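Please work through the exercises below with the sequence and the structure at hand. Each task is followed by a solution in steps.

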Amino acid sequence: MKKLKNILALVLAVALLLTGGMAASAQEEEQSLEDMLKSIVTVDDSDRTIDKAETVYVIAAPDGTADQVIVSEWLKNPENAETISDATQLQDIENTNGYETYAIGDEQLTWAANGGDIHYQGTTDSELPVTVKITYYLDGTETAPENMAGQSGHVTIRFDYTNRTKTAVMINGEQADISVAFLLVSGLTLSNDAFSNVTVSSGTVYNDGSRSIVMGYALPGLAQSLALDESEYTIPDYVEIEADTTDFALSATL
């Protein structure tokens with residue numbers, strides 16, 4: 001376990017958050033999940049100079065298939081420059097915090113910043129670095145998500161992640177392709193009125209008296225890239241949540 005913790009300390013740098021709602025979103029539940037996710041995954045950039053911050057939002061179907069990818073950009077302007085240039089392949093670009101305009105050419109935007117920062121967003125159909133497949137089981141039988149609502153029995157929700165991002169490195173003088181180390185954290189909330197005996201394969205379950213907040217983590221592709229002995233190291237590449245339910249309902253996952 002100590003070796004696993006050392007490995008985790010090296011890779012807890014990037015988190016990809018995917019949503020997979022089954023019903024209308026519950027804003028309060030989503031905010032609780034977001035707050036907990038932020039407390040788990042943080043990046044300290046106090047000693048770095050960052051001119052651009054990017055956040056990617058993936059709106060997904062109940063099975064994890066991406067429906068829409070929205071990218072939010074923050075162009076920082078510490079020099080109070082009159083214009084800021086930014087390379088981008090985004091579509092449907094719009095200013096989200098002002099009325100500054102831009103000119104575009106050769107996949108580059110030039111913003112009339114007038115000395116301030118620029119906040120904008122757009123959409124993309126580029127392949128995601130990591131994808132997720134969510135599968136639902138009722139009493140051991142795979143069940144379509146649209147047939148889960150209102151059911152009772154033993155429920156399993158499995159998140160399978162595929163790491164599609166590789167990088168070339170030199171190992172013992174030879175070039176090899178290894179997976180980029182991503183930490184995936186998936187979370188959801190389950191009401192105590194309908195769920196009990198909630199467990200997660202890798203992660204934690206927090207019960208506040210009215211609901212269970214479940215957080216599971218995985219590092220897909222890492223064990224294979226490092227060629228680890230599975231009998232000595234355990235690095236999860238999926239998350240599996242189990243519970244007993246009397247009236248299944250799931251507003252969203254993050």
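The exercises concern a predicted model, beginning with the whole chain and then turning to two residues.

**Exercise 1.** Describe the protein chain by its secondary structure, burial, contacts and exposed surface.

*Solution.* Begin with the secondary structure: the protein chain holds three helices and 18 strands. Next, consider burial: 37% of the 254 residues count as buried. Then turn to contacts between residues at least 6 apart in sequence: 65% of these join residues at least 24 apart. Finally, the chain exposes about 14,400 Å², and carbon and sulfur atoms supply 47% of that area.

**Exercise 2.** Locate glutamate 73 and determine whether it is buried or exposed.

*Solution.* Glutamate 73 belongs to strand β3, which spans residues 66–75. Its relative accessibility is 3%. Buried means under 20%, so glutamate 73 counts as buried. Leaving aside residues up to four places away in sequence, glutamate 73 touches Lys52, Ala53, Glu54, Leu90, Ile118, His119 and Tyr120.

**Exercise 3.** Place tyrosine 57 in its strand, classify its exposure and identify its contacts.

*Solution.* Tyrosine 57 is part of strand β2, residues 52–60. Its relative accessibility is 45%. Partly exposed covers values between 20% and 50%; therefore tyrosine 57 counts as partly exposed. With residues up to four places away in sequence set aside, tyrosine 57 touches Gln68, Val69, Ile70 and Ser72. For one of these partners, isoleucine 70, the sequence separation from tyrosine 57 is 13 residues, while the C-alpha to C-alpha distance is 5.1 Å.

Key. Residues numbered from 1 in each chain as written. Predicted model: local features only at pLDDT ≥ 70, side-chain atom pairs only at ≥ 80, totals over all residues. Heavy atoms only, no water. Helix = DSSP H or I, 4+ residues; strand = E, 2+ residues; numbered from the N terminus. Buried < 20%, exposed > 50% of the residue type's maximum accessible area, 1.4 Å probe, protein only. Contact = heavy atoms within 4.5 Å. Areas by Shrake-Rupley, 256 points an atom, 1.4 Å probe, with all protein chains shown as cover.
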